[in-house]
Amino acid sequence: MALQLNLDRFGNNPIVVVKVGPKKIRFDVHKRQLCDLSPFFQAAFNGDFQENSGTIHLVEDDVQAFEHFVRWVYERRIDISLAIPSEMSSKDDKDDLLMARMRQMFDLYILADKYDVPILKDAIMVTLFDAVKEGTDEALHCLRIPTFGDIQHIYANSAQRSTLQKFVTACMTWFVDVKWYTKESGSDWLRENPEIAADLAIGFARRLRGRRSPFSPERDASAFLETVN
């Protein structure tokens, strides 16, 4: 896949080919940029299981997430905006757009988690945290309360006790009306997802003991980062 990136500054750094998804969408990426960031790519292109002379196929990965990843590799910025376009008037359209972009952020985190790129995971967590704390009133519901499906997706595809799991659990602990948990739909969902329920129970226990919200005005994103100095 062709990305509009300025690659001239990388000189003689060799190019490797990463094919993504069942359709084998092709990305040409400088080898050093991948290998310096990720132990997986270091092993894939320099280790004993090197495939096919500088080409690997990541059949299970999401193409859009990998495109965002490659752009971040080169530009060190996350090109997924959680701001609502000013020209958009329909609340339903705004909600759909925000939820779609949140899922892109979640999928990018899952990719970074899979390939062990903690600085990207931290950048994603700072972006999510700032959006939750500083978003406009009309956006906060979507930003603060992930859907059941999104939470299940995160738990199924990221490492146990990942910072993203901690983040969505904290959102559920601090932003969901407690009455929801007494409703049949809520209790049924918790019974069907015992790992999530256990993390929520721990979160509520800490809240009842008087622990401050990780989203209170004086707090920063450090509770959700892996590489805090």
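What percentage of the 229 residues in the protein do buried residues make up? In this predicted model, buried residues account for 44% of the 229. The chain is built from 10 helices and three strands, which follow one another along the sequence in the pattern β-β-α-α-β-α-α-α-α-α-α-α-α. Among contacts with a separation of 6 or more, 64% are made by residues 24 or more positions apart.

The strands offer a convenient place to begin. They form an open sheet of three strands in the order 2-1-3, and the pairing within this sheet is mixed. Strand 2 (25-30) and strand 3 (55-58) stand at the edges, and because each has a single partner strand, one side of each is left without a neighbour in the sheet. From one strand to the next, the twist averages 25°. Strands of a sheet pair through backbone hydrogen bonds, in either a parallel or an antiparallel manner. Here, strand 1 (residues 15-20) and strand 2 run antiparallel and are joined by six bridges, and within this part of the sheet V17 stands opposite D28 in strand 2.

Helices pack against these strands. Helix 3 (residues 63-75) packs on the sheet and touches strand 1, strand 2 and strand 3, while its direction makes about 15° with that of strand 2. Helix 2 (residues 39-46), in turn, lies across strand 1 and strand 3, and runs at about 135° to strand 3.

A single residue of strand 3, T55, gives a closer view of this region. Is T55 buried or exposed? Its relative accessible area is 18%, which is under the 20% cut-off, so T55 counts as buried. Leaving aside neighbours within four places in sequence, T55 is in contact with V17, K19 and F45.

Further along the chain, helix 7 (residues 148-157) has D150, I151, I154 and Y155 as its buried residues. Seen down the axis of helix 7, these buried residues fall within an arc of 130°, and they therefore line one face of the helix. An α-helix has 3.6 residues a turn, so residues three or four places apart point the same way.

The last feature to consider is open space. The largest pocket has a volume of about 530 Å³, and of the 21 residues that line this pocket, the closest to its centre are K166, T169, I202, G203 and R206. The elements that give two or more residues to the lining of the largest pocket are helix 8 (163-175) and helix 10 (194-208).

Note on methods. Residues numbered from 1 in each chain as written. Predicted model: local features only at pLDDT ≥ 70, side-chain atom pairs only at ≥ 80, totals over all residues. Heavy atoms only, no water. Pairing = 2+ DSSP bridges. Helix = DSSP H or I, 4+ residues; strand = E, 2+ residues; numbered from the N terminus. Axes fitted to C-alpha atoms, helices over the stretch in contact; angles between N-to-C directions. Contact = heavy atoms within 4.5 Å. Buried < 20%, exposed > 50% of the residue type's maximum accessible area, 1.4 Å probe, protein only. Arc of directions from axis to C-beta. 1 Å grid on protein atoms, 1.4 Å probe; cavity = no way out; pocket = protein on both sides within 12 Å on 5 of 7 lines; lining within 4 Å. Points joined across faces, edges and corners; volume = space filled by probe spheres on them.
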